[in-house]
Amino acid sequence: MSTPPRIPESPLEHFRALGTHLGCELFVKRDDLLPFPLPGNKSRKLTAELGLGAARRAEVLITNGAAGSNHCRTLALLAARSGRRCHLVLHDEGAPYGPALRMLAALGACWEIVAPELFAETLHTAEEGYAERGLRTHVIAGGCHTPAGAQAYRRSAEALLAELRPDTVFVASGTGATQGGIAAAAEAVGAAAEAATGERGGVRPQVIGISVARTAERGRAAVSEAARWAGGSGDSIVFDDRFRAGGYGMSDARTEEAVGLGWFHGLPLDATYTGKAFAALLDRCAQRRAEQPDAPAERILFWHTGGLMNYLAEQEQS
Ligand SMILES: *Cc1c(COP(=O)(O)O)cnc(C)c1O
């Protein structure tokens with residue numbers, strides 16, 4: 001069995017012109033540039049998950065999610081690449097998902113479309129079916145909300161935060177492993193800086209997760225769990241649900257404006273994920289310009305999680 005592909009580290013870019021326009025120092029971590037054709041945070045999380053023993057030995061990789069989710073298509077891609085089967089249990093959202101399903105078919109994945117309340121049962125039946133045929137399976141939690149996924153984010157974030165020392169990090173947050181890993185890294189970097197300087201407080205970057213779907217109560221608990229998986233305390237998680245525009249896959253004028261501004265300055269964004277996080281960043285900058293016009297420019301890291309496929313699908317629908 002071939003080993004899963006290792007992904008290289010994604011670039012960090014300084015967006016000077018856009019930062020000046022907003023009144024901040026803006027850096028962007030380009031996980032949207034992880035290896036094409038399906039880059040984004042699912043590449044990083046799933047590559048880590050597939051590196052685990054149980055996943056390595058599996059002949060069939062099974063998961064659930066939306067038909068158009070980056071999680072499902074990235075798993076289908078990685079399974080195809082390593083010569084394995086991919087079985088997907090997809091939500092029935094009643095939406096036309098032609099292009100997304102055609103891509104899954106091209107990648108050789110098979111799927112069932114069921115109502116969300118039948119997920120657990122359907123996954124279980126699929127797993128048993130393969131086991132009866134003597135095939136080894138590995139089931140991955142939806143969105144790759146797994147310890148390996150969160151730990152991969154901590155590893156990537158720790159060195160970056162220690163070197164860049166941003167005041168604030170903005171990241172689109174869904175099932176929470178991405179934000180949880182980055183939050184655990186920020187905590188470790190803050191603790192190391194305190195130990196080195198003897199200074200307390202003020203040295204830990206604040207990680208702000210912007211909800212793309214869940215309300216704060218539900219979302220924060222999942223991020224906190226992921227932060228603990230990544231060796232953090234899971235305390236003081238900031239999960240802001242004011243920019244979710246009604247929920248997953250929905251958007252509003254504020255989201256659209258953020259997406260438009262990003263593209264105009266050469267930063268590709270989508271309305272499902274990154275546009276919501278960027279809308280929050282714009283709001284933060286506007287508020288600082290109004291309330292503290294003479295304060296030094298805030299050093300902001302925008303952690304770009306991907307979403308180009310979502311952008312393309314959004315254009316088809318509008
Ligand atoms: C899945 C996804 C997220 C959310 O990541 P979580 O780790 O589930 O919080 C953010 N952005 C993009 C583009 C995604 O596909």
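**Ligand shell and two sheets**

Trainee: Which elements supply at least two residues each to the shell around the ligand?

Mentor: In this predicted model, helix 2 (41-50), strand 7 and helix 8 (177-197) each supply at least two residues of that shell.

Trainee: And where does the largest share of the shell come from?

Mentor: It comes from helix 2, which gives three residues.

Trainee: Which residues come nearest to the ligand?

Mentor: There are 15 residues around the ligand, and those that come nearest are Lys42, Lys45, Gly174, Thr175 and Thr305. Sorted by class, the shell holds 10 polar, three nonpolar and two charged residues.

Trainee: What do the side chains of Asn70, Thr175 and Thr305 do there, atom by atom?

Mentor: An N or O atom in the side chain of Asn70 is 2.8 Å from an oxygen atom of the ligand, and for the side chain of Thr175 the corresponding distance, again to an oxygen atom of the ligand, is 2.6 Å. Thr305 instead has a polar side-chain atom that lies 2.6 Å from a nitrogen atom of the ligand.

Trainee: How much of the ligand does the protein bury?

Mentor: The ligand taken alone exposes 390 Å², and the protein buries 97% of that.

Trainee: Switching to the sheets, what is the strand order in the one with six strands?

Mentor: That sheet is open, its order is 1-2-10-7-8-9, and its pairing is mixed. Strand 1 (12-14) and strand 9 (238-240) each have a single partner strand, so at these edges one side of each is left without a neighbour in the sheet. From one strand to the next, the twist averages 25°.

Trainee: How do strands 8 and 9 pair?

Mentor: Strand 8 (residues 206-211) pairs with strand 9 in the parallel sense, over three bridges, and Ile208 has Val238 in strand 9 as its bridge partner.

Trainee: Which helix packs on that sheet?

Mentor: Helix 11 (residues 274-291) packs on it, touching strand 2 (24-30), strand 7 (168-173), strand 8 and strand 10 (298-304), and the direction of helix 11 makes about 170° with that of strand 10.

Trainee: OK, and the sheet of four strands, what's its order?

Mentor: The order is 5-4-3-6 in an open sheet with parallel pairing. Strand 5 (110-114) and strand 6 (137-140) are the edge strands, each pairing on one side only, and the twist averages 15° from one strand to the next.

Trainee: How many bridges join strands 3 and 6?

Mentor: Strand 3 (residues 60-65) and strand 6 pair over four bridges, in the parallel sense, and the bridge partner of Leu61 in strand 6 is His138.

Trainee: Which strands does helix 5 lie across?

Mentor: Helix 5 (residues 98-106) lies across strand 4 (85-91) and strand 5, and it runs at about 145° to strand 5.

Technical notes:
Residues numbered from 1 in each chain as written. Predicted model: local features only at pLDDT ≥ 70, side-chain atom pairs only at ≥ 80, totals over all residues. Heavy atoms only, no water. Pairing = 2+ DSSP bridges. Axes fitted to C-alpha atoms, helices over the stretch in contact; angles between N-to-C directions. Contact = heavy atoms within 4.5 Å. Near = heavy atom within 4 Å. Polar contact = N/O pair within 3.5 Å; in protein donor to acceptor, adjacent residues only side chain to side chain. Areas by Shrake-Rupley, 256 points an atom, 1.4 Å probe, with all protein chains shown as cover. Nonpolar A, V, L, I, M, F, W, Y, C, P; charged D, E, K, R; others polar.
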